[in-house]
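Reader: I am new to this structure and would like a close look at a single part, chosen by you. Please start from one residue and then follow the connections outward at a careful pace.

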Amino acid sequence: MKFNSVFDIIGPVMIGPSSSHTAGASRIGAIARVVFNEQPSQVDIHLYGSFAKTYKGHGTDVALIGGLLGFEPDDPRMKESPKLAEEWGMRIQFIEEVEEPPHPNTVKLVLKHGMQQMTLIGASIGGGKVEIIRLNEFELEFTGTAPAILILHQDKFGAIAAVSSVIADHKINIGQMKVSRKVKGDEALMVIEVDQQVEQALITKIAELPGIYQVASVMI
């Protein structure tokens, strides 16, 4: 097995006993919050496999809520995240699922605020690393290890070229891109991992393109 750094072996700086059950869980929650683009008023947290069996003892519940509140894994407020979520108007419901997932540390987050709703499924794969495997109806292969742009758009000719052109104009290199769609000509989702941090000016420019419904950036 190849390690990129010592942190791949010992895991990240964090609050909690396990990088898989706390740091990874926190990261999944944080990514969901960023993509949702606001603090949800209600979150239904569906836990699978090992997460469902041990989440209370390992602090997975606390870590997921902390991530949803925007806390880093080593934030001292993490231990108080359930209380803070209640104070800040975020209702949390945990559901223990019996279905066996592809990865034992899997969670489905259903975020709600008013008429807006989003579903994100992720897995904590060890050392604080995660995989986001589904966003609403779209299958993903997204790890969050590089800055990324998520773009919900109309599935039409020229959409990918237009977005790529704007990114090139900002002198940002694309490392990886995946496009998923539900039905031909309906909604599609671009997930673009890039080599540089993404400025708000780029997000605004992409959002102004015809056929773009929503744009979010996820920073490492």
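Author: Lys 53 is a good place to begin, and with a relative accessibility of 63% this residue counts as exposed, where exposed means over 50% relative accessible area, buried means under 20%, and partly exposed covers the range in between (1.4 Å probe, protein chains only). Before going further, please keep in mind that this is a predicted model, in which local features need pLDDT of at least 70 and side-chain atom pairs count only at pLDDT 80 or more, while totals for chains, interfaces and linings use all residues. Residues are numbered from 1 along each chain as its sequence is written, and side-chain values use heavy atoms, with hydrogens and water left out.

The side chain of Lys 53 joins that of Glu 100 in a salt bridge, at 4.0 Å from N to O. Since Lys 53 belongs to helix H3 (residues 49-58) and Glu 100 to the loop between strand E2 (91-96) and strand E3 (105-113), the pair ties together parts that are 47 residues apart in sequence. A salt bridge here is a side-chain nitrogen of Lys or Arg within 4 Å of a carboxyl oxygen of Asp or Glu, and the helices (H or I, at least four residues) and strands (E, at least two) are DSSP runs, numbered from the N terminus. Glu 100 is exposed as well, its relative accessible area being 59%.

The loop between E2 and E3 also holds Pro 104, which is partly exposed at a relative accessible area of 41%. Although Pro 104 and Lys 53 stand 51 residues apart in sequence, their C-alpha atoms are 10.0 Å apart in space.

The bridge of Lys 53 belongs to a set, for the structure holds seven salt bridges. Another of them brings together the side chains of Glu 141 and Lys 178, with 3.6 Å from N to O. This pair, too, links distant parts of the chain, as Glu 141 sits in strand E6 (residues 138-142) and Lys 178 in strand E8 (residues 174-181), 37 residues apart. Glu 141 is exposed, with a relative accessible area of 58%, whereas Lys 178 is partly exposed at 30%. A further salt bridge is formed by Lys 182 and Glu 187, whose closest N and O atoms are 3.4 Å apart. Lys 182, at 38% relative accessibility, counts as partly exposed, and so does Glu 187 at 25%.

From charged pairs we can turn to nonpolar surface. Ile 160, Met 177 and Val 179 make a nonpolar surface patch of about 200 Å². Patches consist of residues with over 30% relative accessible area and no salt bridge, like charges being joined within 9 Å and nonpolar side chains (Val, Leu, Ile, Met, Phe, Trp, Tyr) within 5 Å. Of the patch members, Ile 160 lies in helix H6 (residues 159-169) and is partly exposed at 35% relative accessibility.

Helix H4 (residues 60-68) gives a contrasting picture, being mostly covered, with eight of its nine residues buried. Among the buried residues of H4 are Asp 61, Leu 64 and Ile 65. After H4 comes Gly 70, with a positive phi near 90°.

Most residues other than glycine have a negative phi. Against that background, Asn 37 has a positive phi near 75°; Asn 37 is in the loop between H2 and strand E1 (42-48) and counts as exposed at 59% relative accessibility. Asn 136 likewise has a positive phi, of about 50°, without being a glycine, and is found in the loop between strand E5 (129-135) and E6, where at 33% relative accessibility Asn 136 counts as partly exposed.

Asn 136 leads to the last stop, the second largest pocket, which holds about 240 Å³ of space. This pocket is lined by 18 residues, those closest to its centre being Met 118, Leu 135, Asn 136, Leu 152 and Gln 214. Helix H2 (19-36) and strands E4 (116-126), E7 (148-154), E9 (187-194) and E10 (212-218) are the elements that give two or more residues to the lining. On a 1 Å grid over the protein atoms alone, a pocket is an open set of points where a 1.4 Å probe fits, with protein on both sides within 12 Å along at least five of seven lines, and lining residues have an atom within 4 Å of a point.

Notes
Points joined across faces, edges and corners; volume = space filled by probe spheres on them. Areas by Shrake-Rupley, 256 points an atom, 1.4 Å probe, with all protein chains shown as cover.
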